[in-house]
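Reader: I'd like to learn how to read pockets and sheets in a model. Can you walk me through one?

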Amino acid sequence: MKKIIVLISGNGSNLQAIINACRANKIAGDIVAVFSNKADAYGLERAKLANIPAHFIDPSLFTDRACYDEALIKKIDIYQPDIVILAGFMRILSPVFVTHYQHKLLNIHPSLLPKYPGLHTHKQVIENRDPFHGVTVHFVTEELDGGPMIIQARIAVLPEDTEKTLQARIQKEEYRIYPLAISWLAEGRLKMENNQAYLDNIALFNNLD
């Protein structure tokens, strides 16, 4: 069973989906700890309710992003994780952190990458009158929301959609595809080589084209 660390900043609904998937044996692993940069993140309560160690590391105690990330690495490595998951962790990670967990660091982003990296994706979709919206799971690299893509889910944008309704429908897809991608990584089926994601040795999204 793989040891999984999850990093959060807020409600932790994706964390809950991953907890549920692990407990239903849909992921060959267990969450061994949850870390947050926000003391009031409800995801910490979700972890405690599931008897998972929950840690808040205060960014205000550190002089810069690199120092914070180095402290975070030390705390995480106590658990000797096989997989590190970003689930709404609202911090830009330093190159030191990304390099340290390269090949086992995943993120989920609420857009059909490479469209709309960064924030306010639902707003941009509505303002640009896109016919479709979606969500992407990807490996994390130093490029913001730019790592090799693993899996996407797509939904149609309805005429009556608002940012709130889009977010709610996108989140349902997140809860479905994120545990699936994590399960592939836990089973050794998923890997990253030369900035390309492979599942069962087949290139995904053909990033190398």
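Author: We'll take the pockets, then the sheet. Keep in mind that this is a predicted model.

Reader: How do I look for empty space, and what volume does the largest pocket have?

Author: The general idea: rolling a probe the size of a water molecule over the atoms shows where empty space is left. Here, the largest pocket has a volume of about 1100 Å³. Its lining counts 38 residues, and Gly88, Met90, Ile108, Pro110 and Leu119 lie nearest its centre. Helix H1 (13-23), strand E5 (105-109), helix H5 (121-127) and helix H6 (163-186) each give two or more residues to that lining. H6 gives the most, with four residues.

Reader: How many nonpolar, polar and charged residues are in the lining of the largest pocket?

Author: There are 14 nonpolar, 17 polar and seven charged ones.

Reader: And what about the second largest pocket?

Author: That one holds about 160 Å³ of space. Twelve residues line it, with Pro114, Glu143, Asp145, Gly146 and Gly147 closest to its centre.

Reader: Now the sheet. What is the order of its strands?

Author: Read across an open sheet of seven strands and you get E3-E2-E1-E4-E5-E6-E7, with mixed pairing. Strand E3 (54-56) and strand E7 (149-156) are the edges, each pairing on one side only. On average, neighbouring strands are turned by 20° against each other, ignoring direction.

Reader: Which way do E5 and E6 run?

Author: E5 and strand E6 (residues 132-139) are antiparallel, joined by four bridges. Leu106 stands opposite Phe139 in E6.

Reader: Which strands does H6 lie across?

Author: H6 lies across E1, strand E4 (83-86), E5, E6 and E7, at about 155° to E7.

Note on methods
Residues are numbered from 1 along each chain as its sequence is written. This is a predicted model: local features need pLDDT of at least 70, side-chain atom pairs count only at pLDDT 80 or more; totals for chains, interfaces and linings use all residues. Side-chain values use heavy atoms; hydrogens and water are left out. On a 1 Å grid over the protein atoms alone, a cavity is a set of points where a 1.4 Å probe fits but cannot get out, and a pocket is an open set with protein on both sides within 12 Å along at least five of seven lines; lining residues have an atom within 4 Å of a point. Grid points are joined across faces, edges and corners, and a volume is the space filled by probe spheres set on the points. Ala, Val, Leu, Ile, Met, Phe, Trp, Tyr, Cys and Pro count as nonpolar, Asp, Glu, Lys and Arg as charged, and the others, Gly among them, as polar. Two strands pair if DSSP finds at least two bridges between them. Axes are lines fitted to C-alpha atoms, for helices over the stretch in contact, and angles run from 0 to 180 degrees between N-to-C directions. Contact means heavy atoms within 4.5 Å.
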